[in-house]
Amino acid sequence: MKNIVFIILTTAGSLLSCKSSVKEQKDKIYSRHLQRHIDLTVITTPMPDKKEKMNLLLFNNSEYSEEVRAKAMIDSLYGAKLIQPLTMVAYKGETEDYGLEETGEKGNQFRKFNEFVSDELYPFAKKKVVIRKFNSVAICGFGPSALSAFDIAFNHPNKIQSAGMFHPMFAPGIDLPDTSAFETIRGLRQRPRLKLWMTASEGDSLSVKLKNIISAKPNIEEPEIMTTTGSKNTRQLNVPAKSFAAFLMWAFPA
C-alpha cells in the first residue's frame with residue numbers, strides 16, 4: 001500500500017499535465033433541516049458504461065478537500081486504475097453540527113445535520129449523477145467532523161457501508177466530555193456490518209481508545225488504522241494527501 005501511494009504521489013504531476021478526465025463543479029443545496037443553504041463541491045470521474053458501477057463519497061468537511069488535494073488525488077488514482085468510478089460530494093457543516101445524533105434530544109443540531117446528509121444530500125447526489133443506486137457509498141470526516149461521519153454511517157447502514165475518520169476529536173464546548181461520549185458510543189445499538197478507516201497521530205490516545213471501543217462491537221469490522229507522524233493539533237489538522245489516497249484505495253479498490 002505504501003509503495004503504491006508513493007508512486008501515485010510522485011507521478012501525480014505528470015498525470016495531471018494531461019487533460020483531466022475528472023470534473024469539478026460548485027453547487028448549492030437548501031436544507032430544510034438546517035434552515036440554510038449549503039455550498040457544495042462535486043468531483044466526478046467519467047461515468048462508467050454501467051451506471052450502477054459508480055460509487056459515492058460524502059466528504060463531511062469541505063474545507064479539507066483542498067488540503068488533501070481531493071480532485072488531483074482522485075484524478076491520479078482513477079487515471080492509474082487504482083480506484084473505481086467515483087463521485088465525491090463535499091459540503092461544509094458548522095462547528096455545532098458535528099457530534100453524535102443519539103447524545104441529544106429529538107430535533108437537536110446533531111440530529112438535524114444527520115438528517116440533512118441522509119434525507120437531502122444523499123438524494124441530491126443520486127439526482128446529480130442520474131442513478132438509482134450507487135455501487136457503494138462511503139463518508140469521511142476530519143477532526144470533529146470525523147466523529148460525525150462515523151455517527152451518520154452507523155445510523156444509516158442502508159445507505160452507507162464504510163466511513164473514514166481522519167484524526168477524530170471531540171468539538172470543544174459542543175460535545176459531551178470524552179468519558180461520556182465514549183460511553184455513548186459503547187452503548188450504541190448494533191447495526192449491519194460497517195467498515196471503518198482511521199488515521200491517528202503517534203501518541204493519540206483518544207483515537208486508540210475509540211478504535212478499541214468500536215472494535216468490540218460484533219457488527220463492525222476491525223478498523224483499518226493508519227498512524228501518521230507528528231502530534232495532533234486541536235486547532236488545525238495536518239492531513240497528508242497520501243492518507244487520503246490510501247483511504248480512497250481502501251474504500252473504492254479497483
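Helices (H or I, at least four residues) and strands (E, at least two) are DSSP runs, numbered from the N terminus. The model is predicted: local features need pLDDT of at least 70, side-chain atom pairs count only at pLDDT 80 or more, and totals for chains, interfaces and linings use all residues. Residues are numbered from 1 along each chain as its sequence is written, and side-chain values use heavy atoms, with hydrogens and water left out.

**View 1. Helix α3 (residues 109-129) and its bend at Leu121.** The 21 residues of α3 should span 30 Å at 1.5 Å a residue (times one less than the number of residues), and its end C-alpha atoms lie 29 Å apart, which agrees. At Leu121, α3 bends by about 35° (the angle between axes fitted to the seven residues ending there and the seven starting there), and Pro123 follows within four residues. Val130, just after α3, has a positive phi of about 60°.

**View 2. The burial of helix α7 (residues 241-251).** Because 10 of its 11 residues are buried (under 20% relative accessible area, 1.4 Å probe, protein chains only), α7 is largely enclosed by the rest of the structure. Among the buried residues are Phe244, Phe247 and Trp250.

**View 3. The contact of helix α2 (residues 70-79) with α7.** The axes of the two helices (lines fitted to C-alpha atoms over the stretch in contact, with angles from 0 to 180 degrees between N-to-C directions) come within 10 Å and cross at roughly 50°. In contact (heavy atoms within 4.5 Å) are Ala70, Met73, Ile74 and Leu77 of α2 with Ala241, Phe244, Ala245, Leu248 and Met249 of α7.

Definitions and conventions
Buried < 20%, exposed > 50% of the residue type's maximum accessible area, 1.4 Å probe, protein only.
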